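Here are my notes on the model you sent, set out as numbered points. Please read them with the structure open.

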Amino acid sequence: QVQFVESGGGLVQPGGSLRLSCAVSGMIFSNYAMGWYRQAPGKQREWIALINAGGSTDYADSVKGRFTISRDNAKNTVYLQMNSLKPEDTAIYYCNKIIRPSSWGQGTEVTVSS
């Protein structure tokens with residue numbers, strides 16, 4: 001079955017950077033648009049970035065200009081480079097397909113705090 005394994009989270013100070021990775025298995029990765037999502041404490045999961053099979057990207061307004069999504073089809077991996085992090089970026093971050101999402105992985109926790 002399709003599996004997502006997110007990694008790269010941690011504790012970072014405001015203004016800092018992190019690079020998240022999501023290793024994908026169980027599907028033909030290069031065929032699918034992929035997205036990053038996050039769930040902050042007490043809030044619903046929200047979409048924040050996508051990259052389609054052709055490499056085009058789109059972002060939620062809350063992260064536009066600070067986060068960059070990319071993919072490596074040879075490694076079946078999607079990345080999220082996060083710069084200029086803010087306390088409100090604190091959340092658990094997940095990746096999944098954009099269309100017909102599969103079961104969610106465990107996510108990777110990002111805490112932005114001084």
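1. I begin with Gln106. Leaving aside neighbours within four places in sequence, Gln106 is in contact with Phe4, Val5, Glu6, Ile92 and Tyr94. The model is a predicted one, and the values below are computed from it.

2. Where does Gln106 sit? Gln106 is found in the loop between β9 and β10, the latter being residues 108-112. The side chain of Gln106 reaches the backbone oxygen of Glu6 at 3.0 Å, and Glu6 is also one of the residues in contact with Gln106. For a sense of scale, the C-alpha atoms of Gln106 and Asp61 are separated by 25 Å, with these positions 45 residues apart along the chain.

3. Among the contacts of Gln106 is Tyr94, which brings us to the aromatic residues. The structure holds 2 aromatic pairs. In one of them, the ring centres of Tyr37 and Trp104 are 5.0 Å apart and the planes stand at 85°, so this pair is edge-to-face. Tyr37 lies in strand β4 (residues 34-39) and Trp104 in the loop between β9 and β10, so that the pair links distant parts of the chain, 67 residues apart.

4. Tyr94 and Trp104 form an aromatic pair as well, edge-to-face, at 5.8 Å centre to centre and with 75° between the planes. Here Tyr94 belongs to strand β9, Trp104 to the loop between β9 and β10, and 10 residues separate them in sequence. Taken together, ring pairs link Tyr37, Tyr94 and Trp104 into a cluster.

5. Which members of the cluster are buried, and which are partly exposed? Tyr37 has a relative accessibility of 10% and counts as buried. Tyr94 is buried too, with a relative accessible area of 9%. Trp104, at 33%, is partly exposed. The cut-off used for buried is under 20% relative accessible area, and the two tyrosine values fall under it.

6. Asn96 deserves a look alongside the cluster. Asn96 is in strand β9 and is buried, with a relative accessible area of 0%. The side chain of Asn96 reaches the backbone oxygen of Ser102 at 2.8 Å. Leaving aside neighbours within four places in sequence, Asn96 is in contact with Phe4, Met34, Gly35, Tyr37, Pro101, Ser102, Ser103 and Trp104. Two of the cluster residues, Tyr37 and Trp104, are thus in that list. Phe4 appears there, and Phe4 is also among the contacts of Gln106.

7. How many disulfides does the structure hold? There is 1 disulfide. Cys22 and Cys95 form it, with their sulfur atoms 1.7 Å apart. Cys22 lies in strand β3 and Cys95 in strand β9 (residues 91-97), so the pair ties together parts that are 73 residues apart in sequence. Both cysteines, Cys22 and Cys95, are buried.

8. Next, the sheet that includes β3. An open sheet is formed by 4 strands in the order β1-β3-β8-β7, with antiparallel pairing. At the edges stand β1 (3-7) and β7 (67-72); each has a single partner strand, so one side of each is left without a neighbour in the sheet. Neighbouring strands of this sheet are turned against each other by 15° on average, direction ignored.

9. The pairing of β1 can be followed residue by residue. β1 pairs with strand β3 (residues 18-25) in the antiparallel sense over 5 bridges. Ser7 has Ser21 as its bridge partner in β3. In general, strands of a sheet pair through backbone hydrogen bonds, either parallel or antiparallel.

10. Last, two backbone angles to check by eye. Asn76 has a positive phi of about 50° although it is not a glycine. Asn76 lies in the loop between β7 and β8 (77-82), and at 27% relative accessibility it counts as partly exposed. Ser84 is another residue other than glycine with a positive phi, near 50°. Ser84 is placed in the loop between β8 and β9 and is partly exposed, with a relative accessible area of 40%.

Notes. Residues numbered from 1 in each chain as written. Predicted model: local features only at pLDDT ≥ 70, side-chain atom pairs only at ≥ 80, totals over all residues. Heavy atoms only, no water. Pairing = 2+ DSSP bridges. Axes fitted to C-alpha atoms, helices over the stretch in contact; angles between N-to-C directions. Disulfide = S-S within 2.5 Å. Buried < 20%, exposed > 50% of the residue type's maximum accessible area, 1.4 Å probe, protein only. Contact = heavy atoms within 4.5 Å. Polar contact = N/O pair within 3.5 Å; in protein donor to acceptor, adjacent residues only side chain to side chain. Phe/Tyr/Trp six-rings, centres within 6.5 Å; stacked < 30°, edge-to-face > 60°.
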